[in-house]
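Please open the structure in your viewer and keep the selection tool at hand. The tour proceeds in short stops, each beginning with something to select.

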Amino acid sequence: MKLFEMKHIKKSFGALDVLRDISLEVDQGEVLSIIGPSGSGKSTLLRCATGLEIPDSGEIIKNGKIGLVFQNFNLFPHFSVIKNIADAPIKVQKRDKKEVYAQARELLKKMGLSDKENYYPYQLSGGQQQRVSIARALCMNPDILFFDEPTSALDPELTGEILKVIKDLAAEHITMVIVTHEMNFAKDISDRIIFMDDGLIAVEGTPQEVFSSEHVRMKEFLGKFHQGLA
C-alpha cells in the first residue's frame, strides 16, 4: 500500500530552482533514505513533504498521518520532557490525557529515558534531546515518520545512539523517510535510497544498486565520502 506520493514537485526560491521535478512514492513499512550533497534539495523536499513549505507545482498524496523529527530537536525549553511528548496529542489530537501520558512513559522507556521524564531539555545531552524528539513524534501515532538529518546536530559519539533507535524502529516495520549524511547507516537500514543532485533525483534503487551506480555525480559524491573517512 502506498502511504505517500509526490508527483512532479517543483519549488523555487526567487531565481533559485531548488526542486526541479521530483516524483517519488513510499510504501507501508518501507525505509527510504535520501542522500546527496549540500544544496541538492534534500531538506526542501522533506519540508514540502511535511507541509512546512508549499510546492510551486505538482501533487502530494498522503494516505495517513505524518510525523517529523527535526535535526535541531525543536523541544519546548519551558516544558518538561514528559510534557514535550504529551502536549500535542492532548491539545491537537484531543486524546485522553491519562492514555497519552501512559503512551509517553512507554516511549520514554523505549528510548532509555524513563528516569528523565521530569527533566527539562537544557538538562539533557543532545542525544537525549533527540530521543525525546523521536518519542514526541511517535506519540502522535504517525503512519509515516520523516527524519531531517537526525544526527547532524550531534557530536560523533552521540550519533550512534540515535542511529540505533532508528534501526530499532525499522525492525518494527515503521514507515520512515530519512534525509541523512550517514552513508553506511543509509546502506544498512534502507529498503530504497534516493540520491539527489541539483534539485533532481539522479539515482534511485536498492542500496546495492545506488552504491554501485556508475552515475558520474554519484561516484564523485561517494568518492568525497570515502575521502572523508580516510
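The stops below visit a sheet, the helices packed on it, and a pair of helices. Please bear in mind that the model is predicted.

**The sheet.** Select strands 5, 6, 7, 3, 8 and 9, which in that order form an open sheet of six strands with mixed pairing. Colour strand 5 (66-69) and strand 9 (200-205) separately: these are the edge strands, each pairing on one side only. From one strand to the next, the twist averages 20°.

**One edge of the sheet.** Next, select strand 8 (residues 192-197) together with strand 9. The two run antiparallel and are joined by five bridges. Which residue of strand 9 is the bridge partner of Phe-195? Selecting Val-203 shows that partner.

**Helices on the sheet.** Now add helix 1 (residues 42-49), which packs on the sheet and touches strand 3 (31-35), strand 5, strand 6 (144-148), strand 7 (175-179) and strand 8. The direction of helix 1 makes about 145° with that of strand 6. Helix 4 also packs on the sheet, where it touches strand 5 and strand 6; its direction makes about 175° with that of strand 5.

**A helix pair.** Keep helix 4 (residues 126-139) and select helix 3 (residues 97-110): their axes come within 10 Å and cross at roughly 140°. Helix 3 is therefore oblique to helix 4. Their crossing is right-handed. To see the contact, display Val-100, Gln-103, Ala-104 and Leu-107 of helix 3 with Ala-135, Leu-138 and Cys-139 of helix 4. By class, this contact has six nonpolar residues, one polar residue and no charged residues.

Methods:
Residues numbered from 1 in each chain as written. Predicted model: local features only at pLDDT ≥ 70, side-chain atom pairs only at ≥ 80, totals over all residues. Heavy atoms only, no water. Axes fitted to C-alpha atoms, helices over the stretch in contact; angles between N-to-C directions. Helix = DSSP H or I, 4+ residues; strand = E, 2+ residues; numbered from the N terminus. Parallel < 35°, antiparallel > 145°, perpendicular 65-115°, else oblique. Left-handed = near helix turned anticlockwise from the far one by under 90°. Contact = heavy atoms within 4.5 Å. Nonpolar A, V, L, I, M, F, W, Y, C, P; charged D, E, K, R; others polar. Pairing = 2+ DSSP bridges.
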